[in-house]
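User: I'd like a close look at one part of this model, please. Could you take me through a helix and its surroundings in one connected answer?

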Amino acid sequence: MTTRRNFLKGVTAGVAGIIFCGCPMYGAARAQPLGGSRLPVIVNGKRIKTVDVHSHCLFREAASLLGAEAAKLVPPVKGSPDAYIERENRLGAMDAQGVDIEVLSINPFWYGKDRELASQIVKIQNEKMAELCAAHPDRFAGFASLTLQAPDLAVQELDAAIKKQGLRGAAIGDVVDGVEFSDPKFHPVWAKAEELGAVLFIHPQGIPELNKRLAGNGWLGNTIAYPVGTTIALSHLIFEGTLDRFPGLKILSAHGGGYLPSYADRSDHSCVTAPALCNPNIVLEKRPSEYLRQLYFDSLIFSPEAIRHLVAQVGVNQIVMGSDFPYQWELHPVDRIFACDFLSDDEKVAILSATATKLLGIQA
């Protein structure tokens, strides 16, 4: 018998094959001092290295290039100030959550900027990200930023990020100035990512065209629009044949892939039902829903039942742990995986650690 011990509540409960020491309060997690005891995750007697693939940060040096506009980078949501990463606070929070490694990313806020300003922002961010990860290689890995509105620059930035800066891939949005990622202008970037084995982390940015309908209570511009944005981006990559053209692309999508995995089978019927509304010159190599099993998805979908369905749709080895930290969507990402009683210990290890370490080339 092993136990899961919650130090703050003094609760002991049985969890087959697993020991985890968790902290239920973000405030308490922040109070954890650097150098305090790290709370381990042990499965079948083996300490595993947990990896959170969806965690954010900002660097003041890059944000300062925006002048007064930089204030907009910190929305009025819980956790936003902590996006300007302070190592001691972040490491303490990770320790208390049982997270060994955060894979840091920056949501693209520079796609609408001119080429020169955007490239300056990206340059600083990639340098600071590389510096942070090099200082704590056992705790942080990073996704590069790309000037994706200028694909020629993005190719150079990605090449340098992987070959010289030690970053693991790139964080990208879900669309660039209304141009979908399936557009041929982006093919050189995807070709470079495929060549390098770089992971592309798709994180949506909202859908301004729907702002009028999404206005009102519930923060629908994020709650609904973000998953919709990811769903649209992935669907274009599938239906326009981009994933056939670049079969080796390693694509990881935030928020469990949006709504697509929940209704993927509908995609298999669209061009059968309405062939006149589909392009006869694009012949996919397999059914649209089958492409999901070559993509990767984070676990940020909030409930064991949602994760169970995602596993059934895409396979357990395509799912990695994500929290959206420091934004307070999911403060207990490790606990969430433990709660999935339908998963075996090996499958929990896959989501918590094994798949991410293999995908990102992190030493286990």
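Which residue follows H3, and what is the sign of its phi?

Analyst: Happy to help, and please keep in mind that this is a predicted model. The residue after H3 is Gly98, and its phi is positive, near 75°. Let's start with the helix itself and then move along the chain.

Helix H3 covers residues 87-97. Eight of its eleven residues are buried, so H3 is largely enclosed by the rest of the structure. The buried ones are Arg90, Leu91, Gly92, Ala93, Met94, Asp95, Ala96 and Gln97. Gly98, with its positive phi, then follows the helix.

H3 also has a part in covering another helix. Helix H4 takes in residues 115-135, and the elements that cover its buried residues include H3, along with helix H2 (60-63), strand E7 (101-105), strand E8 (140-142) and helix H5 (151-163). The residues of H4 that are buried are Ala118, Ile121, Val122, Gln125, Asn126, Lys128, Met129, Ala130, Leu132 and Cys133. You may like a check on the geometry of H4: at 1.5 Å a residue, its 21 residues should span 30 Å, and the end C-alpha atoms are indeed 30 Å apart, so the two values agree. At the start of H4, Asp114 places a side-chain oxygen within 3.1 Å of the backbone nitrogen of Glu116.

Between E7 and H4 there is a loop, and Pro108 lies in it. Pro108 has a relative accessible area of 9%, which is under the 20% cut-off, so this proline counts as buried. Leaving aside residues up to four places away in sequence, Pro108 touches Ala171, Ile172, Gly173 and Gln205. One of these partners, Gln205, is 97 residues from Pro108 along the chain, yet the C-alpha atoms of the two are separated by 7.8 Å.

For a comparison from elsewhere in the chain, take Thr242, which is found in helix H10 (residues 242-245). Thr242 is buried because its relative accessibility is 1%. With residues up to four places away in sequence again set aside, Thr242 touches Ser182, Trp190, His236 and Leu237.

Trp329 gives a contrasting case: its relative accessible area of 31% makes it partly exposed. Trp329 sits in the loop between strand E13 (319-320) and helix H13 (333-338). Together with Trp219 and Phe302, Trp329 forms a nonpolar patch on the surface, and the accessible area of the three together is about 300 Å².

Terms used: Residues numbered from 1 in each chain as written. Predicted model: local features only at pLDDT ≥ 70, side-chain atom pairs only at ≥ 80, totals over all residues. Heavy atoms only, no water. Patch = residues over 30% accessible without salt bridge, like charges linked within 9 Å, V, L, I, M, F, W, Y side chains within 5 Å. Areas by Shrake-Rupley, 256 points an atom, 1.4 Å probe, with all protein chains shown as cover. Salt bridge = Lys/Arg side-chain N within 4 Å of Asp/Glu carboxyl O. Helix = DSSP H or I, 4+ residues; strand = E, 2+ residues; numbered from the N terminus. Buried < 20%, exposed > 50% of the residue type's maximum accessible area, 1.4 Å probe, protein only. Expected span 1.5 Å × (residues − 1). Contact = heavy atoms within 4.5 Å. Polar contact = N/O pair within 3.5 Å; in protein donor to acceptor, adjacent residues only side chain to side chain.
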